[in-house]
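Reader: Could you take me through this model step by step, with the reasoning behind each answer?

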Amino acid sequence: MDGENATSRDASMTLAQSQVINNFEGPMLVLAGPGSGKTRVVTHRIAHMLESGVSPRQILAITFTNKASTEMAERVEKLVPGQRLAISTFHKFCARMLRLYPGAVGLKPNFTILDTGDQTAAIRRAMHHLDLDTTHFPPNKILWRISKAKNDLITPEVFQRNFDESIGNHWDAVVSRVYPEYQKVLLQNNSVDFDDLLVHVAVLLTEFPELRDQLDERFRYVLVDEYQDTNQAQYRIVVALSQTYRNLCATGDPDQSIYGWRGARIENILRFENDFPDVKVVRLEQNFRSTKSILAAADQLIAKNIYRKAKALVTDNVQGVPVRLIRFSDGYREADLIAEHMKAVVASGKRTWSDFAMLYRVNSLSQPLEVAFQRAGVPYQIVAGMPFWEREEIKDLVAYLRVLANPDDDLALRRIVNKPQRGLGAKSQDRIFAWARVEGLTPMEALEKASSIPQLSKKAALSAVLFAKIMNGLDLAKAGSVAELLREVVKKTGITIPWLGSGDETDLARLTNVEQLIAAAEYYDKLAGEERTLEGFLETTSLASDLDNVDEKAGKVTLMTLHAAKGLEFPVVFVCGVEENLIPHERSINSGNPREIEEERRLLFVGMTRAKEVLYLTEASVRSIHGRSTYTIPSTFTEPQHLSLDRLSEFEFQAMTFDPNSFQSKRPTTAVEEFGTFEGEDGDGDEFEDREPGVTKRRSKPAFSSANFSLTTAADLLAGNNKSIEIPTGFPVGSAVRHPRYGKGQVLSASGFGPRRTVTVKFEQGRTETFMVQKSPLQPLR
DNA sequence: GTCCCCTTTCTTTTT
DNA sequence: GAAAGGGGAC
């Protein structure tokens, strides 16, 4: 798709695609199936608009993720270089708008955007004000309810009214009290949460018609991506911007709506046709991504949804190998054998690590996979886990900047006032801030004058004054750059001192994270140049996400949830844990709401359609969940009468791994021949020697895997060596190992073979632990 | 004021 | 089984 230019466009486009590109006046709804080249079409549409004389200033393209917006911007840039147009995420766009018109909703221009942690803290505080008990009503759950209300544009007043008018449950009783108080806390802190960014702007556009007119005039052409995922607030914003100039182009796919639980409304697509009766609806049904086999299976699955507008899925691509459902005896075998399979395929030289993706419904499934991949030496990147910006040390440092940028940001101040520990515990803090309120001072002023606060200990007062001194000495203008300012924070607060020289892995990780934060600041400094502000940097930090860092070409296998996979594609995809209660998730089943089951089905549909060439669904007979081993039930979605798949046992899968030629599909299919480059055929066993990337060098003596001792290795088989490999002794006495938690160590003693092998390891940091090799995350160090 | 142990809970989380 | 949050002990 690279290297194309704007002029050679039409020849390579389908009729539907050209329609989208060429008709940019008036409302349009693009229903784009998976892999239908949507981004390409949208970017070409923008290019066409620019070429036709539309001013770049009049175009607004909105996406959901940073990644999508960056990609769109890059691709437009490639087509029509040097144009400045607004391509942004919903939240970023709203943050911009709010910085321009903060007063209208009671904010100051330097407001901060709170992350989930701060939001919970704010809820806590609100509940504290109301004397509500946080044990019985967990703040997280309350926050969740409030967030849902905001997504639906329900204000605290309306929430309360709704509650009063209904026979409310006691939950909503609590929420209807907390919600307004929470908003008050946010306003006092001159801050907003993620949802507020949208809600405030929606309010702005509704209550200030002149402003709406002005923005509508300014953004005459609005494009929205992933329209099926818009919530009420986003819908309102988009529609408000498209009244005078009704050039709204929404692209989306109802079949890929997987964020209903976050307030996304598929109905927004249906409503579109009501709001804009003259809408042109274009369907992009041709898939350029997947093989016929994959598409047929996905189509068969999604056709089972009742609440759906039927859409064809067609492709000119080859048939490809059949979609396979593999049944493993348990989750560990699943992980091990998949790792082994990938190793073998990569060793054969036909694929690289980054061709593979592992998708799962819940994050907890990543753990056994991780263990197996580490042991097998398969390089992987895991998306999600603990997002960078959520890390303790990062949030602390960012909180320092937040207080500097927005002195009203009490939540941030509370966070850092005793970090590193200065002997200013909750009690002293309460005293200081209570005194501030009585005296009518800002919290910072109170800290400065702490020595005159009655009943505050000498020690606490001293620390408070010292803290105020540090803060007063910090200034962006003086420091020159955000990165430099951060370095000063680190130096003056000594926050990293406890981590220096301890050698502890987590401390080392903390230090690295701090470095990374500074690096991120440097990057921002460079990008923003002289226009750099603290608010600007903080905005990038709070609106950043882990997903932005997915590198599809990282030379690693990618592990992530099905949700995170939306919008991505990989040559080979494993969707694992396709079992009842996982997909569909038991919560959805228990909800009794068929629409929730349909969302689960769409989720699997999204996962399946990520695959370009080879797709595996896997299930385990026994799965250990919540620490308990349970017999699983096959997923409703894969029942034979619903979905025709090639069903393989783990042994058949293994055989296929080691000798592609030995395995014949059970279903008669002539399809295989059509695909030239897949594993599953073409076993000419070409030289694999030294083809593997570094990590897997230990091929002759693989890290322990239960399958290894009875079978020949993939590499040997492919090389034509039919000698069996020796039974691995794995982790011999005296060998060096690494444990993710305890660090480096040495094997003291070992006993047993195979799955029962246990080793005792003495770790450098002193402790000695015994592990079942198969179940532990131990890695050999060469 | 801090730490540790107990209980509880266990989707998904574009921003 | 593991992490997180709250309550109680020091």
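**The surface near the DNA strand**

Author: In this predicted model, the residues of the surface near DNA strand B divide into six nonpolar, 14 polar and seven charged.

Reader: Which residues come nearest to DNA strand B?

Author: The surroundings of DNA strand B comprise 27 residues. Of these, the ones that come nearest are Asn66, Arg361, Ser545, Thr561 and Arg587.

Reader: What percentage of the atoms of DNA strand B within 4 Å of the protein belong to sugar or phosphate?

Author: The atoms of DNA strand B that lie within 4 Å of the protein are divided between sugar or phosphate on one side and bases on the other. A phosphate oxygen, for instance, lies 2.9 Å from a backbone N or O atom of asparagine 66, and a phosphate oxygen also lies 2.8 Å from a polar side-chain atom of arginine 587. For the atoms within 4 Å, the part that belongs to sugar or phosphate is 56%.

Reader: Which elements give two or more residues to the surface near DNA strand B?

Author: Arginine 587, whose side chain has a polar atom 2.8 Å from a phosphate oxygen of DNA strand B, lies within the range of residues 586-591 that forms helix 25. The elements that give two or more residues to this surface are helix 18 (426-439) and helix 25 (586-591).

Reader: What does a polar side-chain atom of arginine 361 lie 2.6 Å from?

Author: The partner of arginine 361 belongs to DNA strand B, and the distance of 2.6 Å is taken from a polar atom of the arginine side chain. That partner is a base oxygen.

Reader: Turning to the protein itself, is aspartate 193 buried or exposed?

Author: Aspartate 193 is found in the loop between strand 5 (191-192) and helix 9 (194-207), and its contacts, leaving out residues up to four places away in sequence, are with Leu114, Gln119, Lys150, Tyr182 and Leu186. Its relative accessibility is 1%, and because a residue under 20% counts as buried, the answer for aspartate 193 is buried.

Reader: Which side chain does the side chain of aspartate 193 join in a polar contact of 2.7 Å?

Author: The side chain of aspartate 193 also reaches the backbone nitrogen of aspartate 195, at 3.2 Å, but the question concerns a contact between two side chains. At 2.7 Å, the side chain that aspartate 193 joins is that of lysine 150.

Reader: What percentage of the residues of chain A count as buried?

Author: The secondary structure of chain A comes to 28 helices and 23 strands. Of its 782 residues, the part that counts as buried is 54%.

Methods. Residues numbered from 1 in each chain as written. Chains lettered and ligands numbered in written order. Predicted model: local features only at pLDDT ≥ 70, side-chain atom pairs only at ≥ 80, totals over all residues. Heavy atoms only, no water. Near = heavy atom within 4 Å. Polar contact = N/O pair within 3.5 Å; in protein donor to acceptor, adjacent residues only side chain to side chain. Helix = DSSP H or I, 4+ residues; strand = E, 2+ residues; numbered from the N terminus. Nonpolar A, V, L, I, M, F, W, Y, C, P; charged D, E, K, R; others polar. Buried < 20%, exposed > 50% of the residue type's maximum accessible area, 1.4 Å probe, protein only. Contact = heavy atoms within 4.5 Å.
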